[in-house]
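Grab a coffee and work through these short exercises with the model open beside you. Try each task before you read the solution.

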Amino acid sequence: MSKPEKLIVDGKRLDGRGPFDLRPIKFQAGVLKRADGSCYLEFGGNKVMAAVYGPREVHPRHLQQASNAIVRYRYNMASFSVEERKRPGPDRRSIEISKVSREALESVVLKELYPRSAIDIFVEILQADAGTRVAGINAASVALADAGIPMKCLVSACAVGKADDTIVLDLNKDEDNYGQADLPIAMNQFGEITLCQMDGHLTSDEFSTAMNMAIEGCKKLHELQKQALVEKYARGVAPIAVDVPEAGGETNE
Ligand code: ADP
């Protein structure tokens, strides 16, 4: 993909958004039968599946903690998720993303309720389009709640950055590749920041503006996450249709 001449034209970004706009977002909770909790998320062109297992026994056992559950997070990019086939398996980038994403979520999990056990989070990036780590955190947070893991609150995440000297929310692929700065942020419901990374350069004023935009973005994501969980439970308690034979009809007896 070649570098576009401009990333912002007449105040609009190349995908038609204004600087404060998020891409279209769709969460679906409880999509996997065999996981304790799950969430499928489309975030712009990103397609992400998160699955949560646990609390369950820790293997290998020497990793057990006597007074806490351990939280493990595996971020994986499918080889077909990017334009050129990605070599399968972990690499430095996925190990780093797994670590920071685990840290972003761990502080809201009530780990002390499950000593000697593990809570495993798997995030599979099926299609990547910039912002996969924040998409993974959003989906994982819903999957944890769907698994019934006790948490203080949800964690929401979005990136903010700078392109063509403008601070923009939720970077697209061109802005991520050719922009001047990229800041993935995660925040819990109490406004505490649980992930803050930065590539590129921002002045301190730009940094404050960017943080405020990211906080607003996280608040919108939080509403969508809650909605996905409410929808899942509304589905769960929907009355089951039962075929009742009509009165006076034939029976098989
Ligand atoms: P994030 O996905 O959290 O923004 P990066 O900034 O590392 O993380 O990556 C930006 C984007 O670059 C990814 O979303 C993906 O679209 C692309 N990308 C990352 N790794 C690869 C890779 N190995 N091959 C091709 N594209 C990749």
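**Exercise 1: prolines and their peptide bonds**

Where does Pro-60 lie? Once you have found the spot, work out the state of the peptide bond leading into Pro-60, then look for a second case.

Solution. Keep in mind that this is a predicted model.
- Step one: find the place. Pro-60 is in the loop that runs between S5 and strand S6 (70-77).
- Step two: check the bond. His-59 and Pro-60 are joined by a cis peptide bond, with omega at about -5°.
- Step three: look at the other proline. The bond from Gly-54 to Pro-55 is cis too, and its omega is near -5°. Pro-55, though, is in a strand, namely S5 (residues 46-57).

**Exercise 2: positive phi**

Which loop holds Asp-165, and what is its phi?

Solution.
- Step one: look between strand S8 (155-163) and strand S9 (166-169); Asp-165 is in that loop.
- Step two: read the angle. Phi of Asp-165 is near 65°, so you've got a positive value in a residue other than glycine.

**Exercise 3: a hairpin**

Describe how S10 and S11 are put together, and find the glycine in the turn.

Solution.
- Step one: get the pairing. Strand S10 (residues 181-188) and strand S11 (residues 193-196) run antiparallel and pair over three bridges.
- Step two: pick out a facing pair. Met-187 in the hairpin is opposite Ile-193, which belongs to S11.
- Step three: go to the turn. Four residues separate S10 from S11 in this hairpin, and Gly-191 in the turn has a positive phi of about 85°.

**Exercise 4: the ligand and its surroundings**

Find the pocket that holds the ligand, then list the polar contacts its oxygen atoms make with Arg-93, Gly-131 and Thr-132.

Solution.
- Step one: go to the largest pocket, where the ligand sits. Helix H2 (132-146) and helix H3 (173-178) are the elements giving two or more residues to the shell around it.
- Step two: sort the shell by class. You should get four nonpolar, two polar and seven charged residues.
- Step three: pick out the nearest ones. Among the 13 residues around the ligand, these are Arg-93, Ala-130, Gly-131, Thr-132 and Arg-133.
- Step four: go through the contacts, using a cut-off of 3.5 Å between N or O atoms. A polar side-chain atom of Thr-132 is 2.5 Å from a ligand oxygen. For an N or O atom in the Arg-93 side chain, the distance to a ligand oxygen is 2.7 Å. Gly-131 uses a polar backbone atom, 2.9 Å from an oxygen of the ligand.
- Step five: check the cover. On its own the ligand has 540 Å² of accessible area, and the protein covers 74% of that.

How values were computed:
Residues are numbered from 1 along each chain as its sequence is written. This is a predicted model: local features need pLDDT of at least 70, side-chain atom pairs count only at pLDDT 80 or more; totals for chains, interfaces and linings use all residues. Side-chain values use heavy atoms; hydrogens and water are left out. A residue is near a molecule or strand if one of its heavy atoms lies within 4 Å of it. A polar contact is a pair of N or O atoms within 3.5 Å; within protein, one must be able to donate a hydrogen and the other to accept it, and residues adjacent in sequence count only if both atoms are side-chain atoms. Accessible areas come from the Shrake-Rupley method with a 1.4 Å probe; for residues, only the protein chains shown count as cover. On a 1 Å grid over the protein atoms alone, a cavity is a set of points where a 1.4 Å probe fits but cannot get out, and a pocket is an open set with protein on both sides within 12 Å along at least five of seven lines; lining residues have an atom within 4 Å of a point. A molecule sits in a cavity or pocket if more than half of its atoms lie within 2 Å of its grid points. Ala, Val, Leu, Ile, Met, Phe, Trp, Tyr, Cys and Pro count as nonpolar, Asp, Glu, Lys and Arg as charged, and the others, Gly among them, as polar. Two strands pair if DSSP finds at least two bridges between them.
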